[in-house]
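The following exercises train the reading of a protein model, from loops to a ligand site. Please keep the sequence and the structure in view while working through each solution.

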Amino acid sequence: MDVSRGTAGTWVERWERQQRRYAVDREERFTVISDVVEHVCAGRDRPLLLDLGCGPGSLSARLAHRLPGAEIVAVDMDPVLLGLGRSHHANAARYVEAKIGADGWVEALELRRDPDVVVSTTALHYLSAPALLRTYRVLAALLRPGGALVNGDHFPPDEQSCAELTVRVGRLRAERAGDHGHEDWESWWREAAADPELADLFERRERSRPSPDEDGNRDLSVRHHTELLLRAGFHHVTPVWQVGDSGVLVALKD
Ligand SMILES: C[S@@+](CC[C@H](N)C(=O)[O-])C[C@H]1O[C@@H](n2cnc3c(N)ncnc32)[C@H](O)[C@@H]1O
């Protein structure tokens, strides 16, 4: 059964607040990603964008607003979040259920042309480092020449002695913005699971068990990601924005 727009709206709004707790300056990060996408897609009438780990379509919705001509394919492995996105941000993207990195995940997207830009927010750190390298290789091959990968995520510094500092700066920024007191991840999932209108989606979630890789890469710094991206076949990599550990890393393909 599809989720009503009203119910989906409630849970997506709560998702947005909950995620601000974890992604420092999340809205500005979305805006910076959109700035990069707009730049890479300049002069293209109908760019194709791919949103990895889209959740309920938060980034796709912002991109659809900023680039109304874009075609967006949004992929996630979680049926609950996809169900909310399909209802609340129905027109933003075509939503696909697949596990990034698993066999056949690219074919599941049913792309009819090469994407101009692949984007992602707060999602790729769920992949283990080997799965991340494999995924970067797939993306470097998939993108059109001149295309880009734009990843907003947690990027801690290389040096342990600096880690406390970036965490502290991020925390203070979140506190000043009033984001630190928002509902947390566990509460959101517990309460969403108790909503009768989401029961079918949670049943599907239980059946598909969309468990992320156990050893995600939360500790990988910008330098580490850069090494993997260059090994995978991207030609130029640069951070374009960072507050605390929250950053945007761009990889360009010649
Ligand atoms: C913290 S949420 C972020 C969602 C959204 N991008 C946002 O910024 O609000 C991380 C998302 O990544 C998805 N995810 C994690 N690993 C994945 C994988 N291997 N394949 C597909 N989705 C994955 C999760 O299901 C979840 O929706």
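**Exercise 1. Determine in which loop Pro212 is found, and whether Pro212 is buried, partly exposed or exposed.**

Step 1. Pro212 belongs to the loop between α9 and α10. Helices (H or I, at least four residues) and strands (E, at least two) are DSSP runs, numbered from the N terminus. The model is predicted: local features need pLDDT of at least 70, side-chain atom pairs count only at pLDDT 80 or more, and totals for chains, interfaces and linings use all residues. Residues are numbered from 1 along each chain as its sequence is written, and side-chain values use heavy atoms, with hydrogens and water left out.

Step 2. The relative accessible area of Pro212 is 35%, so Pro212 is partly exposed. In this scheme, buried means under 20% relative accessible area, exposed means over 50%, and partly exposed lies in between (1.4 Å probe, protein chains only).

Step 3. The C-alpha atoms of Pro212 and Asp245 are separated by 21 Å, and the two residues are 33 residues apart along the chain.

**Exercise 2. Classify Ser211 by its relative accessibility and state its place.**

Step 1. Ser211 lies in the loop between α9 (199-208) and α10 (222-232).

Step 2. Ser211 counts as partly exposed because its relative accessibility is 45%.

Step 3. Between the C-alpha atoms of Ser211 and Cys162 there are 31 Å, with 49 residues separating them along the chain.

**Exercise 3. Locate Asp245 and Asp195, and classify each by accessible area.**

Step 1. Asp245 is placed in the loop between β6 (236-243) and β7 (246-252). Asp245 is buried because its relative accessible area is 17%.

Step 2. The side chains of Asp245 and Thr166 form a polar contact of 2.6 Å. A polar contact is a pair of N or O atoms within 3.5 Å; within protein, one must be able to donate a hydrogen and the other to accept it, and residues adjacent in sequence count only if both atoms are side-chain atoms.

Step 3. Asp195 sits in the loop between α8 (185-193) and α9. With a relative accessible area of 18%, Asp195 is therefore buried. The C-alpha atoms of Asp195 and Thr7 are 9.0 Å apart, although these positions lie 188 residues apart along the chain count.

**Exercise 4. Describe the phi values of Asp25 and Glu110.**

Step 1. Most residues other than glycine have a negative phi.

Step 2. Asp25, in the loop between α1 (5-20) and α2 (26-40), has a positive phi near 55°.

Step 3. Glu110 is not a glycine either, and its phi is positive at about 50°. Glu110 is found in the loop between α5 (105-108) and β4 (117-121). Glu110 is exposed because its relative accessible area is 56%.

Step 4. Glu38, in helix α2, is separated from Glu110 by 24 Å between C-alpha atoms. At 38% relative accessibility, Glu38 counts as partly exposed.

**Exercise 5. State how many residues surround the ligand and how much of its accessible area the protein covers.**

Step 1. The ligand is surrounded by 20 residues (each with a heavy atom within 4 Å of it). The closest are Arg26, Gly53, Asp76, Ile100 and Thr121.

Step 2. By class, this shell has ten nonpolar, six polar and four charged residues. Ala, Val, Leu, Ile, Met, Phe, Trp, Tyr, Cys and Pro count as nonpolar, Asp, Glu, Lys and Arg as charged, and the others, Gly among them, as polar.

Step 3. An oxygen atom of the ligand lies 2.8 Å from a polar side-chain atom of Arg26. A polar backbone atom of Gly53 is 2.8 Å from a nitrogen atom of the ligand.

Step 4. The ligand on its own has 600 Å² of accessible area, of which the protein covers 96% (Shrake-Rupley method with a 1.4 Å probe).
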